[in-house]
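Work through the exercises below with the sequence and the structure at hand. Try each task before reading its solution.

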Amino acid sequence: MSAGFDRVALIGLGLIASSMAHAMRWKGLAGEITGYARSAETRETAAEIGLVDRVCESAAEAVAGADLVVLAVPVGAMGAIAAEIAPHLKPGAIVTDVGSVKQAVVEAVAPHLPAGVQFIPGHPLAGTEHSGPRSGFATLFVNRWWLLTPLEGADPVAVERLSGFLAGMGANVDHMEVARHDLVLAVVSHTPHLIAYTMVGVADHLRRVTHEEVIKYSASGFRDFTRIAASDPTMWRDVFLTNREATLDILGRFTEELFMLQRAIRMGDGEMLFDYFTRTRAIRRGIIEAGQDTAEPNFGRGAPPPEAAE
Ligand code: NAP
């Protein structure tokens, strides 16, 4: 268990924590896994499916004696959890989080943690639109990025140890500065989610006009928007409330581009549209070459049913 920890505490038992529990067991990365979630219902489900070795009745109980503590709750809940667990953390323990936003988590968590505990913020760039203790699977992190944003003065040994553990679950670990993380994620994840929410919202407004056609012909690109827009409302509310500056910056740029394309369409400027789409096509090729998606048609989902094909 060279890359593992004797005792790992998972606070929050949703998609990310349950995937970590499965991955740790698969790769033998933890001696004992304890877990805590807010509701009795989630704790009962976790106990019933044997998700962790010990489901605890409080976060304080879960972290007692843990060598690694993972905060896997929505971003808006991190500060209160940190305050609650702080007096119960083992000296020398590593505390990390998996929140989708980093600056707000650092501000909410770091002030509570005692000296001698290593706080190393993190974010796995992996997920699905599903939530809860039953939604996790062991391979979620395989070949996905896991960004760590170590703070100034972080112990390099602890950072190395955590990186080895995450790599043990199959992730590609990279380091990034906190503010940079939030800007990059606003581009690659947060704003695209907002656009998906908006597009599905527009379709919903038009429902009376289009009726069932929106669902029937949804494979024509719209289906991917609906999948993204089905993501957890609490998580995404917190992402936008806490990564406000970066998201507003990117949204401003997005709107400018949209107006430019709108104008090109109005003016019949085919050359402009063609050049624009040629550049964006090259970005997609870059993503495939970087191994972050498949080049297979329909994202490797197999042939769409004939009535759904475009
Ligand atoms: P999830 O499936 O909705 O699970 C959230 C868990 O947190 C649940 O077990 C929930 O307990 C618990 N929780 C919520 N508020 C709490 C509180 N105040 N105290 C204690 N536990 C609390 O969420 P997730 O997708 O695993 O997301 C967890 C974190 O990972 C978030 O910060 C998110 O930004 C980040 N993340 C998510 C994704 C993704 O695609 N989903 C990807 C990367 C990072 P109950 O069930 O009892 O409510």
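A residue is called buried under 20% relative accessible area, exposed over 50%, and partly exposed in between. The model used here is a predicted one.

**Exercise 1. A residue in a loop**

Task: Find where N143 lies, and decide whether N143 is buried, exposed or partly exposed.

Solution.
Step 1. N143 sits in the loop between β7 and β8.
Step 2. Its relative accessibility is 39%. Partly exposed covers the range between 20% and 50%, so N143 counts as partly exposed.
Step 3. Look at the backbone as well. Most residues other than glycine have a negative phi. N143 is not a glycine, yet its phi is positive, near 60°.

**Exercise 2. The six-stranded sheet**

Task: State the order of the strands in the open sheet of six, and name the edge strands.

Solution.
Step 1. The order is β3-β2-β1-β4-β5-β6, with parallel pairing.
Step 2. An edge strand pairs on one side only, and here this applies to β3 (54–55) and β6 (118–120).
Step 3. Strands of a sheet pair through backbone hydrogen bonds. Take one pair: β1 (residues 5–11) and β2 run parallel and are joined by six bridges. Within this pair, V8 has I33 of β2 as its bridge partner.
Step 4. Take another pair: β4 (residues 68–71) and β5 (residues 94–97) are parallel and share four bridges. Here L68 stands opposite I94 of β5.
Step 5. Check how covered β2 (residues 30–36) is: five of its seven residues are buried, and the strand is mostly covered.

**Exercise 3. The three-stranded sheet**

Task: Describe the order and pairing of the open sheet of three strands.

Solution.
Step 1. The strands follow the order β7-β8-β9, and the pairing is mixed.
Step 2. β7 and β9 (172–175) are the edge strands, each pairing on one side only.
Step 3. Neighbouring strands of this sheet are turned against each other by 20° on average, with direction ignored.
Step 4. β8 (residues 145–148) runs parallel to β9, and four bridges join them. W145 has N172 in β9 as its bridge partner.

**Exercise 4. Two buried helix residues**

Task: Decide whether H190 and V109 are buried or exposed, and find a partner for the side chain of H190.

Solution.
Step 1. H190 belongs to helix α7 (residues 178–205). Buried means under 20%; H190 has 0% relative accessibility and therefore counts as buried.
Step 2. The side chain of H190 makes a polar contact of 3.0 Å with the side chain of N243.
Step 3. V109 belongs to helix α5 (residues 103–109). Its relative accessible area is 0%, so V109 is buried too.
Step 4. V109 and A82 are 27 residues apart along the chain, but their C-alpha atoms are separated by 5.5 Å.

**Exercise 5. Two partly exposed residues**

Task: Place R223 and G221 in the structure, and classify each by its accessible area.

Solution.
Step 1. R223 is part of helix α10 (residues 222–229). Its relative accessible area is 26%, so R223 is partly exposed.
Step 2. G221 lies in the loop between α9 (213–216) and α10. With a relative accessible area of 33%, G221 is also partly exposed.
Step 3. Compare positions along the chain with positions in space. R223 and M267 are 44 residues apart along the chain, and their C-alpha atoms are separated by 30 Å. For G221 and A64, the values are 157 residues in sequence and 48 Å from C-alpha to C-alpha.

**Exercise 6. The ligand and its shell**

Task: Say which residues come nearest to the ligand, and how much of the ligand's area the protein covers.

Solution.
Step 1. There are 29 residues around the ligand, and R38, S39, T42, V73 and S100 come nearest.
Step 2. Sort the shell by type: 16 residues are nonpolar, 11 are polar and two are charged.
Step 3. Find where the shell comes from: α1 (15–27), α4 (78–85) and β7 (122–124) each supply at least two of its residues.
Step 4. List distances to oxygen atoms of the ligand. A polar side-chain atom of R38 is at 2.7 Å, an N or O atom in the side chain of S39 is at 2.6 Å, and a polar backbone atom of G132 is at 2.9 Å.
Step 5. On its own, the ligand has 900 Å² of accessible area, of which the protein covers 87%.

Conventions
Residues are numbered from 1 along each chain as its sequence is written. This is a predicted model: local features need pLDDT of at least 70, side-chain atom pairs count only at pLDDT 80 or more; totals for chains, interfaces and linings use all residues. Side-chain values use heavy atoms; hydrogens and water are left out. A residue is near a molecule or strand if one of its heavy atoms lies within 4 Å of it. A polar contact is a pair of N or O atoms within 3.5 Å; within protein, one must be able to donate a hydrogen and the other to accept it, and residues adjacent in sequence count only if both atoms are side-chain atoms. Accessible areas come from the Shrake-Rupley method with a 1.4 Å probe; for residues, only the protein chains shown count as cover. Ala, Val, Leu, Ile, Met, Phe, Trp, Tyr, Cys and Pro count as nonpolar, Asp, Glu, Lys and Arg as charged, and the others, Gly among them, as polar. Two strands pair if DSSP finds at least two bridges between them. Axes are lines fitted to C-alpha atoms, for helices over the stretch in contact, and angles run from 0 to 180 degrees between N-to-C directions. Buried means under 20% relative accessible area, exposed over 50%, partly exposed in between (1.4 Å probe, protein chains only).
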